[in-house]
Amino acid sequence: MNINDIPTRTLRAEPSGNAIEIIDQTALPHLYRTLRIDTLAGAAHAIRAMQVRGAPLIGVTAAYGLALAMQNDASEAALDAALQCLGATRPTAVNLAWSLARMQSRLQALPREQRAQAAWTEAGTIAEEDVAQCRRIGEHGLARLRPLAKSSAPMNVMTHCNAGWLATVDHGTALAPVYAAFDAGIDIHVWVSETRPRNQGLLTAWELRQHGVPHTVIADNAAGILLATHQVDAVIVGADRIAANGDVANKVGTYLKALAAREAGVPFWVAAPRSTIDFACRDGQAIPIEARDGDELRVVGGLSEAGVPATIRQLPADEAVGNPAFDVTPARFVDAIVTERGCCAASREGLTSLYPECSHAR
Ligand code: MRU
């Protein structure tokens, strides 16, 4: 992805091997700023506070967080503590647990003095794999999108939350096919739902604008009428965890879009890499749903009239609010899952047809 015409990734490992640089997503879309992270605590905070967010990027950041911890202390106790600390940051995106399990199995067999270097290298490999997988998701998604292109009007894709470049190391998942289509010269327009309360849709609008992709931001509640009045050709979303039976946990509000899409006969696709599929999770009911702080609803952020970052309280501190961060879309409402290995049905059979090596995972 180009930011101000400069090829940029969401996470950059410093060549010194002692720190990473991330884009502070809590400051976007108003301010583009990077942060340097050189400790385990800094990495854990960045994930928890959503300075980095999106399932794949959470996983990659956690891998680097573990590597930073190993530079400080590579003992067994420190490894356990770092796994514990990072693993507790956000519960729903399984990429976090996947990445930490991979790091653990790479490191625990090694003598202490080799762990820091091996951890840094493995985190880099996970990051590179993420880039390659997202690129391939874009190619497979493009093949699905192409038949929907029209000669006289733009193809309209609806998305939810941010499953774009910002949510991964590069390319994105749900937005990768959109970028691939745009780059292939297809006339495409994206409906971007705001995604209250954290407004990740504003991140989506920001990155689409950076790439020059036509888009329109809508209130979350406008999705239904757009789908019902044939103004959407396909809905593509990302995922935080896909259960073995094809149920999909993604940003809260995804389920409502899936219901409306089915009613309107609009295809609903989920784009995600292998690291988002939890073959050990039987179905959506077993997916832990993160409940976030009520202040995310009580207080809204933005720019003041003077153009300065500011917050406004819209509810008293003691107002009761509920803030589930994700919901589960049952597999029957998902028309296809788009992965780096191709597309499949949202079912155990579909998923294991692409990942036969996981067919015995329980
Ligand atoms: O709470 P967030 O912003 O981390 O949630 C992000 C999403 O729900 C994304 O759709 C999902 O992680 C896929 S990102 C490629």
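In this predicted model, the ligand occupies the largest cavity. The shell around the ligand comprises 18 residues, of which Arg 53, Arg 90, Asp 240, Asn 250 and Lys 251 come nearest. When sorted by class, this shell contains eight nonpolar, six polar and four charged residues. Both domains take part in the enclosure, since domain 1 (2-132) and domain 2 (137-358) each contribute at least three residues to the shell around the ligand. With regard to secondary structure, at least two residues of the shell are supplied by helix H2 (55-72), and at least two likewise by strand S11 (248-251).

Polar contacts to oxygen atoms of the ligand were found for backbone and side-chain atoms of the protein. In the side chain of Asn 250, which is among the residues that come nearest to the ligand, an N or O atom is placed 2.6 Å from an oxygen atom of the ligand. For Lys 251, also listed among the nearest residues, a polar side-chain atom lies 2.8 Å from an oxygen atom of the ligand. At Gly 54 it is a polar backbone atom that approaches the ligand, at a distance of 3.0 Å from one of its oxygen atoms. The ligand taken alone exposes 410 Å², and the protein buries 100% of that area.

Several features of the backbone were also noted. Most peptide bonds are trans, and most residues other than glycine have a negative phi. Against this background, the peptide bond from Leu 28 to Pro 29 is cis, with omega near 5 degrees, and Pro 29 belongs to the loop that connects strand S4 (20-23) with strand S5 (34-37). A cis peptide bond is likewise found from Arg 196 to Pro 197, again with omega near 5 degrees; here Pro 197 is located in the loop between strand S7 (188-193) and helix H7 (200-211). Asp 5, a residue other than glycine, adopts a positive phi near 70 degrees, and its position is in the loop between strand S1 (2-3) and strand S2 (6-7).

Conventions: Residues numbered from 1 in each chain as written. Predicted model: local features only at pLDDT ≥ 70, side-chain atom pairs only at ≥ 80, totals over all residues. Heavy atoms only, no water. Near = heavy atom within 4 Å. Polar contact = N/O pair within 3.5 Å; in protein donor to acceptor, adjacent residues only side chain to side chain. Areas by Shrake-Rupley, 256 points an atom, 1.4 Å probe, with all protein chains shown as cover. 1 Å grid on protein atoms, 1.4 Å probe; cavity = no way out; pocket = protein on both sides within 12 Å on 5 of 7 lines; lining within 4 Å. Sits in = over half its atoms within 2 Å of the grid points. Helix = DSSP H or I, 4+ residues; strand = E, 2+ residues; numbered from the N terminus. Nonpolar A, V, L, I, M, F, W, Y, C, P; charged D, E, K, R; others polar. Domains from an automatic or database assignment.
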